[in-house]
Amino acid sequence: MQKVQKPARYVGGEYKQIIKNKNEIDIRVAYCFPDTYEIGMSNLGLRIMYGIFNEIDGVWCERTFAPWTDMEDEMRKENIALFGLESGDALTEFDVLAFSIGYELSYTNVLNMLDLAGVALRSTDRDDYAPLVIAGGSSAFNSEPLSEFIDLFVIGDGEEVVAPLMALLRNYFTTPALHADAPHINSATVCSDFKSPKKGILKKAFLAQAAKLPGIYVPSLYCVTHNDDGTISEIAPQSGAQLPVKRRIVSDLNSSFFPVDTIVPSVGLVHDRVVLELFRGCIRGCRFCQAGHITRPVRARSHDILVKQGIEALKSSGYDEVALLSLSTSDYEDIFPLCDGLIEWCEPRRVNLSLPSLRADNFSVELMERVQKVRKSGLTFAPEAGSQRLRDVINKNLTEKELLDTCAVAFEGGWNGIKLYFMLGLPTETDEDIIGIAKLSHDVLNCWKQYAKNKSRGVRITVSTSCFVPKPHTPFQWEPQISMSEYMRRVDLLRSAMKSKAITYKWHSPEQSFVEAVLARGDRNLGKAIEAAWRLGARHDSWSECFSFNTWLEAFHDAGIDPEFYAFRQRDYDEILPWSLVESGVTLAHLKNECKAAYAGIKTPDCREGCSNCGACE
């Protein structure tokens, strides 16, 4: 009898996985993704970092994912440690466990994977022979909630850090005696330690040196003190550590690594296709968007290189779809020659071209005609707010006319389904703004009635709302989140205003958004709450079927944490924030000015219209 769902998630052996000779390896890395195989293998960042690690001589990078609950039960029952997919070896045999963390609700999975691997949760409990535990991803821009569990964080683009970090680690493996005089290390212990068949590093000495590399944050080298009211009074670096820690950035994407010859999964993925990264960064400056701020400035690949990479990747993998990926795909300046170059190869081979990140204000008939040549993909737009006033507050720079004109083009061109995404709880939002979401949705429906040439298939308009989560390193990082009861009041108000059966309304769980806000804005004190939640059974919290709000409430209570202090509290501009020790590239002065501009209803033009002096280009 089959005991677990989708057992192929756990067996490895995929086409084009990388296998190396262990006798020629001096550093083994497990790239750990704290979600399921289907989510992790859909992540382009995983494929990029997997390739970059494995390009280094003497380094072998394998993959491991968070097992689903049924597999975890079987692993614990049979005493099976978490393992690398390529070799099947337990993670304790690896030198580095490298976590990619892009979402706060995966934090308990990080702890669960460490425990399943047989690795101590807290960095202070791991000796020199335990694997080095590192982490990167967008969540690293506020590393504090996980600071007690991670040895070092990579801030920014990981491609820039891997080579120097592996070189430093190799130095500590191969010449330990050179570091016998390092602080806190007894030289008499060095030689005996390194006679062990399992490699060890003088971890404190290594971390002190690693902390000097740009983009590396070592939490143990910073002393954080608090005021009586729970706010931070001081962040003090130790042993010459940097303050602030400046993010690393790939300045030239054309010359950076891209995985054209990558693993072909044995299991269907969430996004099962070739993905091309057009550019990083965003010109728009939406005031709620963390990704748009921490990835500035915009750095683009040339369309010639993208066409070549796309064709090579399709040939290598056999996929029948290629997606053009960025924060706002239609902002790519050479989008038309790129589409033409790809379609020339894709169309006769029935390979679909997908543009999943389009903006409603620059979607055109010409672009639509290109992307629908093989088959029509669904269209998704994110107006974010229901009124022009509120869209100006959040600097969305999208008008109702632009959205409806785009819908008219789409419906006239044969599309009959559109998804619209909004947020509830944005700063300054009123009930009138919420009713505006319903009005705008009905205007889109009327647009279909007016412009659709074939109405026999009907129309599918899906409206989704989520609760606004104020994120670090954005102009709204000082703002409070609305309460869960207030969010549901606004959901009910909007639901009552939806009059047509042709419009489907969905809303995201306010409980999950609340926990996300707590973790996103948290400090070091939250570590004990995350551990308490994990010990109470929290796993896969981003999945609604696994998330338990009562578990988190109990964990906060047991840890002596008031979650509302983190989620619902308005911050002062002069408060030291937990993430103040990280420099994202965008200046604090710019974020403050943008927050003030939001309350004044003043829009900031995008980067192509005029420089806002955000500081990222420096």
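In the predicted model, strand β1, which spans residues 27-33, is joined to β2 by 7 bridges, and the two strands run parallel. Within this pairing, Ile27 has Val59 of β2 as its bridge partner. Both strands belong to an open sheet of 6 strands, in which the order is β2-β1-β3-β4-β5-β6 and the pairing is mixed. The edges of this sheet are formed by β2, covering residues 59-65, and by β6, covering residues 216-217, each of which pairs on one side only.

A further pairing involves strand β7 (residues 222-226) and strand β8 (residues 232-237), which run antiparallel and are joined by 5 bridges. In this pair, His226 of the chain stands opposite Ile232 in β8. The two strands form a hairpin with 5 residues between them, and Gly230, which lies in the turn, has a positive phi of about 95°.

At the level of the whole chain, the protein is divided into domain 1, comprising residues 7-246, and domain 2, which is assembled from residues 274-508 together with residues 586-599. The C-alpha centres of domain 1 and domain 2 lie 35 Å apart, and the contact between the domains takes 11 residues from domain 1 and 12 residues from domain 2. The size of an interface is often given as the accessible area lost when the parts come together. For domain 1 and domain 2, the area buried between them is about 910 Å², of which 48% is on carbon and sulfur atoms. On the side of domain 1, Leu44, Phe141 and Asp157 supply 48% of the area buried against domain 2, a share that exceeds that of any other three residues.

The polar component of this interface was also examined. Between domain 1 and domain 2 the count is 4 salt bridges, and 5 residue pairs are in polar contact, with both residues of each pair at pLDDT 80 or more. By class, the side of domain 1 that touches domain 2 consists of 4 nonpolar, 2 polar and 5 charged residues. Asp157, one of the three residues that together supply 48% of the area that domain 1 buries against domain 2, also forms a salt bridge with Arg280, in which the closest N and O atoms are 3.3 Å apart.

Key
Residues are numbered from 1 along each chain as its sequence is written. This is a predicted model: local features need pLDDT of at least 70, side-chain atom pairs count only at pLDDT 80 or more; totals for chains, interfaces and linings use all residues. Side-chain values use heavy atoms; hydrogens and water are left out. Domain bounds come from an automatic or database domain assignment. Contact means heavy atoms within 4.5 Å. Buried area is the accessible area (1.4 Å probe) that two parts lose on being put together, summed over both. A salt bridge is a side-chain nitrogen of Lys or Arg within 4 Å of a carboxyl oxygen of Asp or Glu. A polar contact is a pair of N or O atoms within 3.5 Å; within protein, one must be able to donate a hydrogen and the other to accept it, and residues adjacent in sequence count only if both atoms are side-chain atoms. Ala, Val, Leu, Ile, Met, Phe, Trp, Tyr, Cys and Pro count as nonpolar, Asp, Glu, Lys and Arg as charged, and the others, Gly among them, as polar. Two strands pair if DSSP finds at least two bridges between them. Helices (H or I, at least four residues) and strands (E, at least two) are DSSP runs, numbered from the N terminus.
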